[in-house]
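Got the model open in your viewer? Let's walk through it, one selection at a time.

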Amino acid sequence: MPERIHLLLGPETGQKDEYIAQIRESLTKQFGDLLEIDRVYPYNIGSGDLVSLLHNSPLFAEHRLVLLRDVAAPSPAEAAKATTTLATLSLLSTTHDTAK
């Protein structure tokens with residue numbers, strides 16, 4: 001199964017939290033105890049460590065959900081650049097903007 005990254009943009013925290021809950025529920029149903037969930041914050045992790053986290057296998061499970069929380073809202077150009085950068089890491093990306 002390929003990796004997938006969802007960029008949740010916009011001010012609607014409630015909508016983002018609901019969407020994340022749906023993803024977690026789906027992954028938990030699919031993988032059960034084989035899912036490891038990592039919550040990271042940009043002020044606690046450098047970009048190199050984040051890339052390393054995304055590329056390395058989880059320690060205690062076969063699958064991983066990484067939640068990067070409290071990221072400053074990017075401009076549309078920054079979001080497009082991030083999507084392109086993530087795609088070069090051989091990851092599938094999806095952008096969801098709650099401002100629309």
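**Start at a tyrosine**

Select Y41: at 25% relative accessibility it counts as partly exposed, a class that lies between buried (under 20% relative accessible area) and exposed (over 50%), with a 1.4 Å probe and protein chains only. Before you go on, keep in mind that this is a predicted model, where local features need pLDDT of at least 70, side-chain atom pairs count only at pLDDT 80 or more, and totals for chains, interfaces and linings use all residues. Residues are numbered from 1 along each chain as its sequence is written, and side-chain values use heavy atoms, with hydrogens and water left out.

Now add Y43 to the selection. A search of the whole structure turns up 1 aromatic pair, meaning Phe, Tyr or Trp rings (for Trp, the six-membered one) with centres within 6.5 Å. Y41 and Y43 form that pair, and they are stacked, at 5.6 Å centre to centre with 20° between the planes. Stacked is the label for planes under 30 degrees apart; over 60 is edge-to-face and the rest are tilted. Y43 counts as exposed, at 59% relative accessibility.

**Zoom out**

Show the whole chain as a cartoon. What pattern does the protein chain follow along the sequence? Reading along, you get β-α-β-α-β-α-β, with 3 helices and 4 strands. These are DSSP runs numbered from the N terminus: helices are H or I with at least four residues, strands E with at least two. Of the 100 residues in the chain, 23% are buried. The accessible surface comes to about 7,100 Å², and 54% of that belongs to carbon and sulfur atoms; the areas use the Shrake-Rupley method with a 1.4 Å probe, and for residues only the protein chains shown count as cover.

**Into strand β2**

Pick D38, which is in strand β2 (residues 35-40). Is D38 buried or exposed? It is buried, because its relative accessible area is 17%. Turn on its side chain together with that of R64: a polar contact of 2.7 Å joins the two. A polar contact here is a pair of N or O atoms within 3.5 Å; within protein, one must be able to donate a hydrogen and the other to accept it, and residues adjacent in sequence count only if both atoms are side-chain atoms.

Leaving aside neighbours within four places in sequence, D38 is in contact (heavy atoms within 4.5 Å) with L53, R64, L65, V66 and L67. V66 is also the bridge partner of D38 in β3. β2 and β3 pair in the parallel sense over 6 bridges, where pairing takes at least two DSSP bridges. Trace the chain from β2 through α2 to β3: this β-α-β crossover is right-handed, so with the strands pointing away from you, the path from the first strand over the helix to the second runs clockwise.

**Along the crossover**

Next, select L54 in helix α2. L54 is partly exposed, with 31% relative accessible area, and its C-alpha is 7.7 Å from that of V66, 12 residues apart in sequence.

Move on to P58, in the loop between α2 (47-55) and β3 (63-68). P58 counts as buried, at 15% relative accessibility. Beyond its neighbours within four places in sequence, P58 is in contact with E36, H63 and R64. R64 should look familiar from its polar contact with D38.

**Last stop**

Finish at G32, in the loop between α1 (13-31) and β2. G32 is partly exposed, with a relative accessible area of 32%. Put a C-alpha distance on G32 and A61: the two are 29 residues apart along the chain and 9.8 Å apart in space.
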